[in-house]
Amino acid sequence: MRDWRKEKVSFAVFGLPGTFWIFAFFTFPLVLIWIYSFCTSDELGQVVWEPFWSNLSLDAYSRALEWINLGIIWKSVWSGAVATVICLVMGFPLAMAIAFAPARWKNPLLLLVVLPFWTNLLIRTYAWIAILRTRGFVNIFLEWIYDQISGVLSAIGISDLPPFQPLELLYNQPAVIVGLVYVNLPFLVLPLYATLEKFDKSYLEASLDLGAGQWRTFFSVLVPLALPGIVSGAVLTFILAIGTYLVPDVLGGTNSLMIGTLIARQFMEARNPPFGAALSFLLMYTTFALLWIRASLAAQSKGVDF
Amino acid sequence: MATDVAIAAPVPVRRVARRPRPTPLEYGRKRWLQGVVALNFIFLYFPIVSLIAFSFNDSKRNVTWQGFTLKYYDQAFHNSGLQEAFLRSIGIALTSTVLSTVIGSLLGLAIYRYRFPLKGAFEGLIYLPIVIPEICMAMAMRSYFGQFGIPLGFLTITISHIAFSFPFVAVVVRSRMSGFDESLEEASRDLGASPAQTFFNVTLPYMTPGIIAGALLAFTLSLDDYVITAFTSGPGSTTFPVKIYSMVRQSVTPEVNAASTVLIVLTLTVTVVAMWIQSRSGNKSIAS
């Protein structure tokens, strides 16, 4: 690595375009909405700039503490947490099966895990509409089972069942959670796999040799030792889940707002950019805090001698 | 049930003879675990596969299979709105790719090569567009263009796409350069090449696989983006994903499935090529 002062010209040529772009078209917009978050807006949704200093306030942040908004924030956190737990329950066996699979199977299996996440996020999300809607695959399947049962019952002579009522599976919070699990599952499987892959299998052999059963070995040896990796993967999934905009927008109903949809609404229909900006920054601060926890966990897991 | 009973008696005996029982650590051969893995893959693939399959289904209502047809592809192809949005998406993706590749590659090289004050903080800043929630960036960009009266359209979409794409290119190029042997550059200088000759004949050829992989990544990121594009585009500048979204809002028809399938195939092809180039250049790091 060289000192920049020795090659000032090449350093400038290499570094300046990127530095310019990141400041002009990323940092500056963020700083702008950071300032918005301390301002007030008029009824047209325009931020009031004059007089600047005396108008600054924390009103937008205190609005986030109103009950209705706290409710939405709580719903996002809760949905994100439920989605993360479901991802863990589904993803852990998958990561384990890949980590303990024969070497020639590992790469094809990993490829199968990441392949869906190279397809467009919007398409992946709306694909669930066809599955969950009233005339969707799940309801058709349930109706078929229902008809079979109904047929059997009427054959034995018991009175006919009422006609099948399709379940309302779409445009509600469970649909949003299904979408969040679907979109984020690969993000959890990959770090779990990385953790289990570098795990020293002789610890498991030792535990099994000393007479512990498979379950005891799993919960007393594997999980505690792999915990930093598990938590780090779960934190990543949680971060991605609470900040999602598209999933609640496409699969959620009018009552399944999450922070992302609430933020967008403030800048658009609700005409309250300061409040939207304040919410954006609260979401970003949360993201950074969680990323910091994740980074310190990663540093800690390096300390464990696998 | 019937099959279970039939298997129960004779088969296990033969299996033991042919293949040893799984050892305690061969979790991949445990039946229940194989079942869980299969369920996971069904969960991951059923939505996409059914979506693609039903784009070939000869029925307006997307529920039961009525026979193979390509008419919805024909319909999507002759939908002038879709066509226009598709061409615009390709135009934006190409512009964004060229600029993000140049900016990102140079920056990746600068970060790899130089020590400078506040380098850690700067690298953190470069990662920001990758880690912050998309909706926050979308709103920031929209407010920024609105504040300065820049009309939303091709220009604003492209600027935003470059802003979130070039950091990925910088990361990929930088990780490619971490395997570079600097004595090659010294040798080139010792043998009388100028700094520019050294750059174009020694450094750049080594960087090339990273640059190509980064460019392909930038292309798919731009082509696939919905959230940031939706909020930085104006009425006359819908891109392909934005158009698909507005069609989905009306109803999910086989025509939308056909358009989506085209996009899936396009991005998958580009990504697979990028993966192949990266693995061939012996650099296993996939930006994720």
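Domain bounds, as used here, come from an automatic or database domain assignment. The structure is a predicted model. In chain B, the assignment gives domain 1 (2-54) and domain 2 (74-280). Between the C-alpha centres of domain 1 of chain B and domain 2 of chain B there are 41 Å.

**Where the chains touch**

On the side of chain A, 66 residues are in contact with 64 residues of chain B. Helix α1 (residues 8-36) of chain A supplies the largest share of the side of chain A that touches chain B, namely 16 residues. By residue class, that side of chain A divides as follows.

| Class, side of chain A that touches chain B | Number |
|---|---|
| nonpolar | 49 residues |
| polar | 11 residues |
| charged | 6 residues |

The chains are also joined through strands. Strand β1 (residues 2-3) of chain A and strand β1 (residues 114-115) of chain B run parallel, with 2 bridges between them. In this pairing, A:Arg2 is opposite B:Tyr114 of β1(B).

**Helix α8 of chain A**

How many residues of α8(A) are buried? The count is 21 of 25, so the helix is mostly covered, where buried means that 20 or more other C-beta atoms lie within 10 Å of the residue's own.

Helix α8 (residues 173-197) of chain A can also be checked for length. With 25 residues at 1.5 Å a residue, the helix should span 36 Å, because the expected span is 1.5 Å times one less than the number of residues. The end C-alpha atoms of α8 are 35 Å apart, which agrees with that expected value. α8(A) has a kink of about 45° at A:Asn184, and the proline A:Pro186 follows shortly after.

Terms used: Residues are numbered from 1 along each chain as its sequence is written. Chains are lettered from A and ligands numbered from 1 in the order in which they are written. This is a predicted model: local features need pLDDT of at least 70, side-chain atom pairs count only at pLDDT 80 or more; totals for chains, interfaces and linings use all residues. Helices (H or I, at least four residues) and strands (E, at least two) are DSSP runs, numbered from the N terminus. The bend at a residue is the angle between axes fitted to the seven residues ending there and the seven starting there. A residue is buried if 20 or more other C-beta atoms lie within 10 Å of its own, exposed if 12 or fewer, and partly exposed in between; C-beta atoms are placed from the backbone. Two residues are in contact if their C-beta atoms, placed from the backbone, lie within 7 Å. Ala, Val, Leu, Ile, Met, Phe, Trp, Tyr, Cys and Pro count as nonpolar, Asp, Glu, Lys and Arg as charged, and the others, Gly among them, as polar. Two strands pair if DSSP finds at least two bridges between them.
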